[in-house]
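Colleague: I am new to reading structures, and I would like to understand how the words used for them are justified. Could we go through some of them together?

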Amino acid sequence: MITTVQSKTTEMSTVDALWVLIQGQTKAVRKALTKRLLAEEEKTKAQQRMVKESLTRAFDELHAGKVHPDARNLFDDEEL
């Protein structure tokens, strides 16, 4: 008698696969990866703060009636 076995295909998400790879690394490598991820996150947050401050200033000036037809002249050279 011939029997067939159905193979189960287990799919793993990209995040899960990456997590398995990270867990297999040495403590020093995991620490370096953590440090790099945190630095990248801080950089992103700094960029978000800068955009928020710029937009806040632009809207404040708009509401105050200070219209800048040329966005290149929105900020003084001293602030750049």
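Colleague: What makes Glu-42 count as buried, partly exposed or exposed?

Modeller: Glu-42 has a relative accessible area of 42%, and the rule is that buried means under 20%, exposed over 50%, and partly exposed in between, with a 1.4 Å probe and protein chains only. Glu-42 is therefore called partly exposed. Please keep in mind that this is a predicted model, in which local features need pLDDT of at least 70 and side-chain atom pairs count only at pLDDT 80 or more, while totals for chains, interfaces and linings use all residues. Residues are numbered from 1 along each chain as its sequence is written, and side-chain values use heavy atoms, with hydrogens and water left out.

Colleague: How do you know that Arg-49 forms a salt bridge with Glu-42?

Modeller: The term asks for a side-chain nitrogen of Lys or Arg within 4 Å of a carboxyl oxygen of Asp or Glu, and the closest N and O atoms of Arg-49 and Glu-42 are 3.3 Å apart, so the pair fulfils the definition. The structure holds three salt bridges, and another of them joins the side chains of Lys-45 and Glu-41 at 3.5 Å, N to O.

Colleague: Why are Lys-45 and Glu-41 separated by about one helical turn?

Modeller: They are four residues apart in helix H2, where a helix is a DSSP run of H or I with at least four residues, numbered from the N terminus. An α-helix has 3.6 residues a turn, so residues three or four places apart point the same way.

Colleague: What is the relative accessibility of Glu-61, and is this residue buried or exposed?

Modeller: Glu-61 counts as buried because its relative accessibility is 12%, whereas Arg-57, with which Glu-61 forms a salt bridge at 3.0 Å between the closest N and O atoms, counts as partly exposed at 26%.

Colleague: How do you know what length to expect for H2?

Modeller: The expected span is 1.5 Å times one less than the number of residues. H2 has 37 residues, and the 53 Å from its first C-alpha to its last is close to the expected 54 Å.

Colleague: Why is Val-67 called exposed?

Modeller: Val-67 has 63% relative accessibility, and therefore counts as exposed; this residue is found in the segment after helix H2 (27-63). Just after H2, Gly-65 takes a positive phi of about 90°.

Methods. Helix = DSSP H or I, 4+ residues; strand = E, 2+ residues; numbered from the N terminus.
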